[in-house]
Amino acid sequence: MSDRFISIEGITRRFPTPAGGFTAVFSDLWLAMRRGEFVCIIGHSGCGKTTVLNILAGLDTPSAGAVIVDGKAIEGPSLDRAVIFQSHALLPWRTVTGNVAYAVSSKWRNWSKTQVNAHAQKFIDLVGLGGAEHKRPSELSGGMKQRVGIARAFSIEPKILLMDEPFSALDALTRGTLQDEVRRIFQETGQTVFMITHDVDEAIYLADRVVLMTNGPGAVFAEIVDNPLPKVRARNEIYKHPLYYAVRNHIIDFLVSRSRSFVQEMGGAYDPRHVAVVRPGLPEPTIASSNEPTLPSARGREAAAY
Amino acid sequence: MIGSLNLRAAIVSIAILFAFLLAWHLATRSSGPTQAMDPVYAKLMGATATQGKSPMPGPIEVGAKLWEQLRRPFYDNGPNDKGVGIQLAYSIGRVLIGYLLAIAVAVPIGFLVGMSPLMSKALDPFIQVLKPISPLAWMPLALYTIKDSSLSAIFVIFICSLWPTLINTAFGVASVRKEWLNVAKTLEVGTFRRAFTIILPAAAPTILTGMRISIGIAWLVIVAAEMLVGGTGIGYFVWNEWNNLSISSVITAILIIGVVGMLLDQVLALITRLVTFPE
């Protein structure tokens, strides 16, 4: 593993309990991401996915451990890391252009109004909102609001895009269209994307790797599923991929049963620093994608820290 | 159904008004000569004794008085005989000065209280104790320290306008949605820009609601304050006309106070609508 663009290093987040003690929602998480990679985290509600994302965004700080981005530890929010919020978080008193321009003018503070608006317009057009520039968020549908959120995030040309269940509040058709848009923009811009979801199909369609997270409290990264789908993929084609159902069944099986019992089952064999990489449907590890020390383990797992 | 709801409501309103005016007129009209009197004596006694006229003026007298006052609102015949327009101008002037000073103080302090949990807790006991004090209770203290009755009235308006705006500003600022603040944080927006571009617009409807309550209270209090300090103003006018036993003028003044209060409230309501954003 040569490129550790984002490196999550042993982060733990503890919250105080009403009884006066502390519970760790998750503990000792390790993960490395390449530049230009799309990683999805999937897990049940309450496992701390959003907290992981907030730590990456700099909106929350880990109780222990650190996150290194591009060689520097995260110390608060940064314009290098844009967030697409689940609730879209648009400013309701601003128009579509106003919302995007707010982000643009925050990044390039000495730009003129014309420059800012021209730049914002480029990204409004990119998400297909041309013609709705002067509408306020209350006049937009849920899908259009999230498009504005996407345009705002991409407009500041961040190094990393963080998405917190961005499509979960949308109907299935709108969600599909927006997933296509995100996938397209991701490929055009070569962004590094970190996304949280609880939708298995979404994770498989979008991600290069899917990180499976166990249930909280004390959640851990259980496995990393290496997505066998090609880089260029079409929504209506992915179901025909020979390994698609193996991957899907593996993730669903994890979410339904193994996410609860994973920690007990593994016992001492679990090494948080070398989370197992699995390739469902393939007999044995076929590609050595890691030059990190590997751990021999049962069930055809290949351990890699990536 | 005939016409829109607004039209029907207007018809009912007008009907109520006429019913009221009619009842008023009937209750206060003359009941005819009461007893035979020497005409010279009758002249001395006035209509109340001779014609069975109610001591309360009827709607026609009040209407005539109102017309007389509105026709010449700005005459000035010395300290105790000024047009109602001049008196109103004094009152509105005092209210606006005291009110604007209060807003200038309340909004920044409200921001501080709303943004800082420490200041919120630290200032809370003072606000809780000062808020329920009747603004008129400050009057003697104001007169003693300021030594100017007109400025004291302004001070009383200042004090009573302060609390609703301060408390609403603090509440509005403290309850700005976390997601909007997070947007500002992820965009590395500085404290000042955040205060003006996120918190102010987000809290503006709540702040304006507080300002609207403040102007209402200020207009309530100015009448009482001017009755106390005297000299000028609509409150003094009411008290002066009471001393003149001109009940018609008292009634017209009450009406005018109501209308001006409504207009002040409507102005603030209009501004509130301008800053309110649909979600």
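**Notebook: a two-chain predicted model**

I started with confidence in chain B: its mean pLDDT is 91, and 98% of its residues reach 70 or more. I'm keeping in mind that this is a predicted model.

Chain A came next. Its average pLDDT is 86, with 92% of the residues scoring at least 70. I then went through the elements of chain A and found helix H2 (residues 96–107) with the highest mean pLDDT, 96. Strand S12 (residues 302–303) has the lowest, 43. I also looked up the stretch around that strand: over residues 286–306 of chain A, pLDDT stays under 50. The model has 48 contacts beyond four places in sequence for that stretch.

For the complex, I noted that the predictor gives an ipTM of 0.84 and a pTM of 0.84.

**The interface**

How many residues does each chain bring to the contact? I get 22 residues from chain A and 17 from chain B. Between them the two chains bury about 1800 Å², and 65% of that is on carbon and sulfur atoms. On the chain B side I picked out B:Thr186, B:Leu187 and B:Glu188, which supply 33% of the area that chain B buries against chain A. No other three residues supply more.

I looked for salt bridges across this interface, and the rule finds 0.

**Salt bridges elsewhere**

Over all chains, a search of the whole structure turns up 22 salt bridges. I took a look at one of them, A:Arg147 with A:Glu181, where the closest N and O atoms are 3.9 Å apart. A:Arg147 lies in helix H4 of chain A and A:Glu181 in helix H5 (residues 172–189), so the pair ties together parts that are 34 residues apart in sequence. As background for myself, side chains of opposite charge can pair when their charged atoms come close.

**The cavity**

I searched for cavities of 30 Å³ or more and the structure holds 1. About 70 Å³ of space lies in it.

Which residues line this cavity? From chain A I listed A:Ala82, A:Val83, A:Phe85, A:Ala103, A:Gly149, A:Arg152, A:Ala153 and A:Ile156. From chain B I added B:Val183, B:Thr186 and B:Leu187. I noticed B:Thr186 and B:Leu187 again here, having met them among the three residues that supply 33% of chain B's buried area.

By element, strand S6 (81–84) and helix H4 (142–155) of chain A and helix H9 (178–186) of chain B each supply at least two lining residues. H4 of chain A gives the most, with 3 residues. By type, I count 8 nonpolar, 2 polar and 1 charged in the lining.

How values were computed: Residues are numbered from 1 along each chain as its sequence is written. Chains are lettered from A and ligands numbered from 1 in the order in which they are written. This is a predicted model: local features need pLDDT of at least 70, side-chain atom pairs count only at pLDDT 80 or more; totals for chains, interfaces and linings use all residues. Side-chain values use heavy atoms; hydrogens and water are left out. On a 1 Å grid over the protein atoms alone, a cavity is a set of points where a 1.4 Å probe fits but cannot get out, and a pocket is an open set with protein on both sides within 12 Å along at least five of seven lines; lining residues have an atom within 4 Å of a point. Grid points are joined across faces, edges and corners, and a volume is the space filled by probe spheres set on the points. Helices (H or I, at least four residues) and strands (E, at least two) are DSSP runs, numbered from the N terminus. Ala, Val, Leu, Ile, Met, Phe, Trp, Tyr, Cys and Pro count as nonpolar, Asp, Glu, Lys and Arg as charged, and the others, Gly among them, as polar. pLDDT is the predictor's confidence in each residue, from 0 to 100. Contact means heavy atoms within 4.5 Å. Buried area is the accessible area (1.4 Å probe) that two parts lose on being put together, summed over both. A salt bridge is a side-chain nitrogen of Lys or Arg within 4 Å of a carboxyl oxygen of Asp or Glu.
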